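The following paragraphs lead the reader through a protein model, with attention to charged pairs and to enclosed spaces. Please keep the structure in view while reading.

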Amino acid sequence: MNWKVIARIRKILAREQGTIFKDWGGRISIALVYPNSYWVGMSNLGFQTLYRLFNQHDRIVCERVFLEDEILSLESQRPLGDFDVVAFSLPYELDYLNLVKILRQSQIPLFAADRDERHPLLLAGGAAVTANPEPLAPLLDAFVIGEGEPVLSDLVQVLTTCLEPRHELLRELSRLPGVYVPELRPERVKRVWAEEVDDFPTTSTVFTPDTEFGSLYLMEIARGCKWGCRFCLAGFLFRPMRPRSASRLLDQAREGVSRGLRIGLVGATISDHPEIEELVLGLREMGAEFSVSSLRLKPLPHVLLRALAEGKAQSISLAPEAASETLRQVINKNLSSDDIVRVVAEAADAGIRQLKLYFMIGLPTETDEEAAEITRLALDLKRVLEQRRANTRLILNLTPFVPKASTPFQWLPMERAETLKRRLDSIRQSARKKGIEVKSESIEESLIQGLLSRGDRGLAQVLAQVSQPSLSTWRRALEGAGIDPDFIHRESDLDKGFPWSIIDSGVQREYLHRELERALSGLETPPCPTENCSECGICRGEDSRERSTTAERAP
């Protein structure tokens, strides 16, 4: 045992508040694993929420595990092999590589076929595997497809009554809505989602300075998004938009204020909350300072922008995604260039001193000329900022487009590395000459993300071989496994099934296809209405069991 690791863990625990310690006697033990660093994992609100929800069950002891030099739980410093269940939280595909590292370091066989009752049961959930679990299907025993809250109580019931024999446990798990057991190869698995999100508070549970949001009390104010940006996994995978009530949110915020923390509002589009003005005014009345995870350029209520500027949030992030008006129509951004200029001017007038703008390169139909428009738009916005407020900082964040499962762009290819690099280098050079800072995600890592997001079970063998996000290494491993590494650069046949076709997200395939056709025709689709809509299929209420959130199911 590495005593330096133990000492570091105990130092981390000493700086935490809200840590849950439970005796193991007579309880099922669950290792909740975020396959990345403590700093990253403890910034994830969903991970913290699952930790609290599991531990609310008396017959469960749940401890956290992160990627460290030695894989041990925080609370009792036990190895993964001591646990009955290992549950991975997987919001991002690149963390699949870390999952493999963790299993190797823990000396747990990688493939489910090589494990038996002597080994922990391996589960996973999160956005990445909800969209496409197949690259990990040979490695893990079961997946939760969708949101964890509606199924968690039933999952715990099965784990606490039927842990052995393994084949019987898997059969019982497969009977739960939203649980996918790859070994049993079901025809379809429906995504589960919480209809009444007020029934499941989603707030910070453990408070620590050793994370990006250490000074914030995080609160999810809504789930899902109504805008339907055609590239966005969250916009389709977490439909429909479900806001939490302002009164409940203000009650939760008082807990954060009592701890002397700023409030961090979390959601896909904070400004779309139907009670955003009431929420903002309520926070200000209680003396709360707050920041937001994301802002949509349109609509952006003035009261929200002003409140952010008057607090300590002197920086805001906005995501035009594309500088070309034509490209914004392709991706269904529902945003004009005038909208962007107006909001940037309002932000400067309100006192915002740093502005981050997020753009994507390699979007469908994008040309070199359209990519270059990012710099021209940034320069126009820089002039607006300088006219309104001197010394305002402008930062560009550039991300390669990755086609995601269960979105209208799932049929489209990803741009090749050389084209992405050329466009990125051109934007970076021209912007920096004008004093604009440019940050970008790794092109190599984005391409590997694309492979994992659209791959099938054959990728499990590649994951078992490759431990580094090097594209050249990945290409060799793919070719060695008989997989064409260029499959992500080719358009998919509209009539052909996908590896993830087993997943029923609730959004009809025909709707996604229509949205693709509209995208290629440059036609935008209005945002989801608040009620009486059955366009995409998710709100038809075919089976309330698939999205039940009644109070009696809560832990």
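In this predicted model, Arg423 and Glu366 form a salt bridge through their side chains, with a distance of 2.7 Å from N to O. Arg423 belongs to helix H15 (residues 417–433), whereas Glu366 sits in the loop between strand E14 (354–361) and helix H14 (368–388), so the salt bridge ties together parts that are 57 residues apart in sequence. Where do these two side chains stand with respect to the surface, buried or exposed? Arg423 has a relative accessible area of 8% and is therefore buried, the limit being under 20%. Glu366 is likewise buried, with a relative accessible area of 8%.

A second pair consists of Glu437 and Arg393, whose side chains meet in a salt bridge at 2.4 Å, N to O. Here the partners lie in strands: Glu437 is in strand E16 (residues 437–440) and Arg393 in strand E15 (residues 393–400), so parts 44 residues apart in sequence are tied together. Glu437 counts as partly exposed at 28% relative accessibility, and Arg393 also counts as partly exposed, at 41%.

A third salt bridge joins Asp210 to Arg15, with the closest N and O atoms 3.0 Å apart. This pair links distant parts of the chain, 195 residues apart: Asp210 is in the loop between strand E7 (189–190) and strand E8 (216–220), and Arg15 is in the loop between helix H1 (3–14) and strand E1 (28–34). Asp210 counts as buried at 19% relative accessibility, while Arg15, at 41%, counts as partly exposed.

In general, side chains of opposite charge can pair when their charged atoms come close. The count of salt bridges in this model comes to 41. Some of them share partners, and in this way Glu147, Glu149, Glu220, Arg223, Arg242 and Arg244 are joined into one network.

The enclosed spaces come next. A search of the whole structure finds 4 cavities of 30 Å³ or more. The largest cavity has a volume of about 70 Å³, and its lining includes Met42, Gln48, Phe207, Phe213 and Leu218. By class, this lining has 6 nonpolar, 5 polar and no charged residues.

The second largest cavity holds about 40 Å³ of space. Among the residues that line the second largest cavity are Ile221, Met241, Thr269, Ile270 and His273. This lining divides into 5 nonpolar, 4 polar and no charged residues.

Note on methods. Residues are numbered from 1 along each chain as its sequence is written. This is a predicted model: local features need pLDDT of at least 70, side-chain atom pairs count only at pLDDT 80 or more; totals for chains, interfaces and linings use all residues. Side-chain values use heavy atoms; hydrogens and water are left out. A salt bridge is a side-chain nitrogen of Lys or Arg within 4 Å of a carboxyl oxygen of Asp or Glu. Helices (H or I, at least four residues) and strands (E, at least two) are DSSP runs, numbered from the N terminus. Buried means under 20% relative accessible area, exposed over 50%, partly exposed in between (1.4 Å probe, protein chains only). On a 1 Å grid over the protein atoms alone, a cavity is a set of points where a 1.4 Å probe fits but cannot get out, and a pocket is an open set with protein on both sides within 12 Å along at least five of seven lines; lining residues have an atom within 4 Å of a point. Grid points are joined across faces, edges and corners, and a volume is the space filled by probe spheres set on the points. Ala, Val, Leu, Ile, Met, Phe, Trp, Tyr, Cys and Pro count as nonpolar, Asp, Glu, Lys and Arg as charged, and the others, Gly among them, as polar.
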